[in-house]
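Student: I'd like to go through this model with you and see how each label is earned. Could we start with what the words mean?

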Amino acid sequence: MRKQICLIIIKIFTLSLPFICMSLAVGLFPLKFMDNECAQYYQNREYAEFHEDYCRVLIIGDSLAKAGWMPDELSDDTYNFALGGLCPIEEYYYLRDYLQYNEAPEYVILTQGLERFFSLGTLWDRSVYFHRISLTEMLEVYKSARELKDEIVFSNKSLVDLMFYKIYSPTLYSTAFFKGIFTDRLKNNIASYNGVKKSRGHSFFITNNGFNGIGEIAGYDSFESSSIFDEYFRKIIELCEDNDIKIIIQSAPINKTTYENLNPEFVRGYNEYIKKIQSDYPNIVVNGELYYYDNIYFGDVHLHLNKDGAIKFSREMKKKYSNTVFK
């Protein structure tokens, strides 16, 4: 009987060995197997945990911030700490992590797309998938979600899913593994890593010379922030205040076509929300107004600024804050 049990265990282990090796390979060599945004998330964590020069101005937010704020156009002590797809949950934890390792910046500038107040973004597909956000932090999110009775984060995911991500389960990472084997993802990721490091965190998401279409945000009839996103948005502000950091909430431009097609109820709801934030935190700077640039400065339906747009935006922001941030 004991011999039979041992044989069964050996067979199970033998059958499982390829999957174990697959999980170990992806976990140990993420830049070899995952797509090129992994390099940006990996570099972001590396910068948070160690860098030599003091960062006086830290830019946080999603891909609109990542593409729009160019440190080379701003100051030598500015760093773009934003990442594509982030929602306020990740923005809060990554800033908190940064402050654990580094001297607090003098300024934090937060820029994010309007949909980040009510759309999950890529928390699972990027932050959890790339292991940029920790299991402990996600358990905190789970607790907050239950307390607030907000299902947006865990509407189709569970704590079991978190464990599958934690162990690099082949059910989630087999595609990355095989693409890493049969394509040169490592070369692309190294190039992406070096590029974003050289540009002090800045990265373009699109290079098209103009977008004449209507952006995604024009498709919403009304604006209402998710309760958990609102909570974490406020936690970012309070984290800055607790660390004597001057925080500026600065909106990004949208293209003219989208601006002209925004639903008035959506605009009204957003304006009321951002005014409430300013009222609740009177000591911070909130420049959340909606405004547009010509279509030529954008590249896609997500309203990412192209190179000309990013230069225009960065230079305008440097001038706008020339008496405070960038003097």
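Tutor: Happy to. Helices here are DSSP runs of H or I with at least four residues, numbered from the N terminus. Asn44 has its place in helix 3. Keep in mind that this is a predicted model.

Student: What makes Asn44 count as buried or exposed?

Tutor: Buried means under 20% relative accessible area. Asn44 has 2% relative accessibility, so Asn44 counts as buried.

Student: Which residues does Asn44 touch, leaving out those up to four places away in sequence?

Tutor: Contact means heavy atoms within 4.5 Å. By that test Asn44 touches Phe81, Ala82, Leu83 and Arg132. Take Leu83: Asn44 and Leu83 are 39 residues apart in sequence, and their C-alpha atoms are 8.0 Å apart in space.

Student: How do you know what span to expect for helix 3?

Tutor: The expected span is 1.5 Å times one less than the number of residues. Helix 3 covers residues 37–49, which is 13 residues, and the expected value is 18 Å. From first C-alpha to last, helix 3 reaches 19 Å, close to that expectation.

Student: Which residues of helix 3 are buried, and what covers them?

Tutor: The buried ones are Glu37, Cys38, Ala39, Gln40, Tyr41, Gln43, Asn44, Tyr47 and Ala48. Their cover includes helix 2 (30–33), helix 4 (63–68) and helix 5 (88–101). Also included are helix 6 (123–128), helix 10 (185–198) and strand 2 (78–80).

Student: Now the strands. What is the order of the strands in the open sheet?

Tutor: The sheet has five strands in the order 2-1-3-4-6, and the pairing is parallel. Strand 2 and strand 6 each have a single partner strand, so they stand at the edges, and one side of each is left without a neighbour in the sheet. On average, neighbouring strands of this sheet are turned by 15° against each other, direction ignored.

Student: How do you know that strand 1 and strand 2 are paired?

Tutor: Two strands pair if DSSP finds at least two bridges between them. Strand 1 and strand 2 are joined by three bridges and run parallel, so the pair meets the definition. Within that pair, Val57 stands opposite Thr78 in strand 2.

Student: Does strand 4 pass the same test, and how many bridges join strand 4 to strand 3 and to strand 6?

Tutor: Four bridges join strand 4 to strand 3 (residues 107–111), running parallel. Three bridges join strand 4 to strand 6 (residues 285–287), also parallel. Leu110 has Ile249 of strand 4 as its bridge partner, while Gln250 stands opposite Asn287 in strand 6.

Student: Why is strand 4 called largely enclosed?

Tutor: Four of the five residues of strand 4 (residues 246–250) are buried, so the rest of the structure largely encloses this strand. For strand 1 (residues 57–61) the count is five of five, so strand 1 is largely enclosed too.

Student: Which residues of strand 1 point one way, and which the other?

Tutor: Val57, Ile59 and Gly61 point one way, Leu58 and Ile60 the other, and all are buried. In a regular strand the side chains alternate between the two faces of the sheet.

Student: What makes Lys149 count as buried or exposed?

Tutor: Exposed means over 50% relative accessible area. Lys149 is at 76%, so Lys149 counts as exposed. This lysine lies in the loop between helix 7 and helix 8 (159–166). Phi of Lys149 is near 55°, a positive value in a residue other than glycine.

Student: And at the level of the protein, how many helices and strands are there?

Tutor: There are 14 helices and seven strands. The radius of gyration is 21 Å, close to the 20 Å that the globule rule gives for 327 residues, so the protein is as compact as a globular protein of that length. Buried residues make up 53% of the 327.

Methods: Residues are numbered from 1 along each chain as its sequence is written. This is a predicted model: local features need pLDDT of at least 70, side-chain atom pairs count only at pLDDT 80 or more; totals for chains, interfaces and linings use all residues. Side-chain values use heavy atoms; hydrogens and water are left out. Buried means under 20% relative accessible area, exposed over 50%, partly exposed in between (1.4 Å probe, protein chains only). Helices (H or I, at least four residues) and strands (E, at least two) are DSSP runs, numbered from the N terminus. The radius of gyration is taken over C-alpha atoms; the globule rule is 2.2 Å times the number of residues to the power 0.38. Axes are lines fitted to C-alpha atoms, for helices over the stretch in contact, and angles run from 0 to 180 degrees between N-to-C directions.
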